[in-house]
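Here is a friendly walk through one protein model, from helix contacts to a pocket. Have the structure open as you read.

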Amino acid sequence: MSGKTTSALVARVVDQLERGDVAGAEAQARKLRETVPDDAELARLHGVALFMLGRSAEARSAFEQAVRLAPRSVEARSNLAGALQVDGDVEGAVALLEQVVRDRPSDAALRNNLANALRAAGDDARACEEYFAALALVPDHFSAIVNRVATELSLGRTADAETRLRGVLARQPHPQ
């Protein structure tokens with residue numbers, strides 16, 4: 001199958017996911033993977049659909065296949081880290097996300113994800129540092145702000161948390 005054809009088929013799966021047809025995307029991706037078993041993006045998208053359907057063991061397998069096919073793919077490794085974390089392998093998720101952040105240090109969302117995994121691993125101090133790094137890149141990254149506030153509270157830094165939270169609330173538009 002040509003690369004152009006494969007790209008068109010992958011785009012169909014993406015379209016189904018974006019439209020919220022997760023079951024259809026999963027079925028389509030599964031079928032396409034039989035035809036194109038060595039396409040990393042197709043394996044990753046199949047994993048995304050499986051993950052969204054709550055089939056984490058199957059999703060993890062699809063993500064592992066995607067990483068084997070494209071070991072440098074930030075997206076595949078990030079997805080695999082999420083599946084590892086859901087499956088309780090928090091240390092594995094942290095290790096994988098640390099690699100991903102080294103490859104893409106200026107990605108605030110990845111740093112936020114690493115911080116979340118660190119927090120799940122019980123390393124609130126490092127998590128707080130990663131949230132700070134995410135906010136240095138994108139000061140209004142809402143998830144990183146909220147997560148950092150929660151982490152500061154867990155570390156007993158209530159004054160810092162209150163200051164940060166008041167700042168967030170001050171920037172939010174008043175509901176009508």
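## Where α2 meets α3

Let's begin with a helix pair: V22, A25, E26, A29, R30, L32 and R33 of α2 touch L42, A43, H46, A49, L50 and M52 of α3. Sorted by class, this contact holds 9 nonpolar residues, 1 polar residue and 3 charged ones. Please keep in mind that the model is a predicted one.

To find the two helices, look for residues 22-35 for α2 and residues 40-52 for α3. Their axes come within 9 Å and cross at roughly 145°. The crossing of α2 and α3 is left-handed.

## The overall layout

Stepping back, what is the protein built from? It has 10 helices and 0 strands. Reading from the N terminus, the order of elements is α-α-α-α-α-α-α-α-α-α. The C-alpha trace spans about 60 × 40 × 25 Å along its principal axes.

## From α3 to α5

Helix α3 also packs against α5, at an angle of about 30° and with the axes 10 Å apart. Angles under 35 degrees count as roughly parallel, so α3 and α5 are roughly parallel to each other. Their crossing is left-handed.

On the α3 side, the contact is made by R44, V48 and F51, while α5 brings E75, A76, N79, G82, A83 and V86. The classes here come to 5 nonpolar, 2 polar and 2 charged residues.

## The largest pocket

Helix α5 turns up again in the largest pocket, where it gives the most to the lining, with 7 residues. Both α5 (74-86) and α7 (108-120) supply at least two residues of that lining. The pocket has a volume of about 170 Å³.

Which residues sit closest to the centre of the largest pocket? They are S78, N79, L97, L110 and N113, out of 13 lining residues. N79 is also one of the α5 residues in contact with α3. By class, the pocket lining divides into 5 nonpolar, 6 polar and 2 charged residues.

## α9 and α10

Further along the chain, helix α9 covers residues 142-154 and helix α10 covers residues 158-171. How do the two helices run relative to each other, roughly parallel or roughly antiparallel? Their axes come within 8 Å and cross at roughly 155°. Angles over 145 degrees count as roughly antiparallel, and therefore α9 is roughly antiparallel to α10. The crossing of α9 and α10 is left-handed.

The residues that make this contact are F142, I145, R148, V149, E152 and L153 from α9, together with T158, D160, A161, R164, L165, V168 and R171 from α10. They break down into 7 nonpolar, 1 polar and 5 charged residues.

How values were computed. Residues numbered from 1 in each chain as written. Predicted model: local features only at pLDDT ≥ 70, side-chain atom pairs only at ≥ 80, totals over all residues. Heavy atoms only, no water. Axes fitted to C-alpha atoms, helices over the stretch in contact; angles between N-to-C directions. Helix = DSSP H or I, 4+ residues; strand = E, 2+ residues; numbered from the N terminus. Parallel < 35°, antiparallel > 145°, perpendicular 65-115°, else oblique. Left-handed = near helix turned anticlockwise from the far one by under 90°. Contact = heavy atoms within 4.5 Å. Nonpolar A, V, L, I, M, F, W, Y, C, P; charged D, E, K, R; others polar. 1 Å grid on protein atoms, 1.4 Å probe; cavity = no way out; pocket = protein on both sides within 12 Å on 5 of 7 lines; lining within 4 Å. Points joined across faces, edges and corners; volume = space filled by probe spheres on them.
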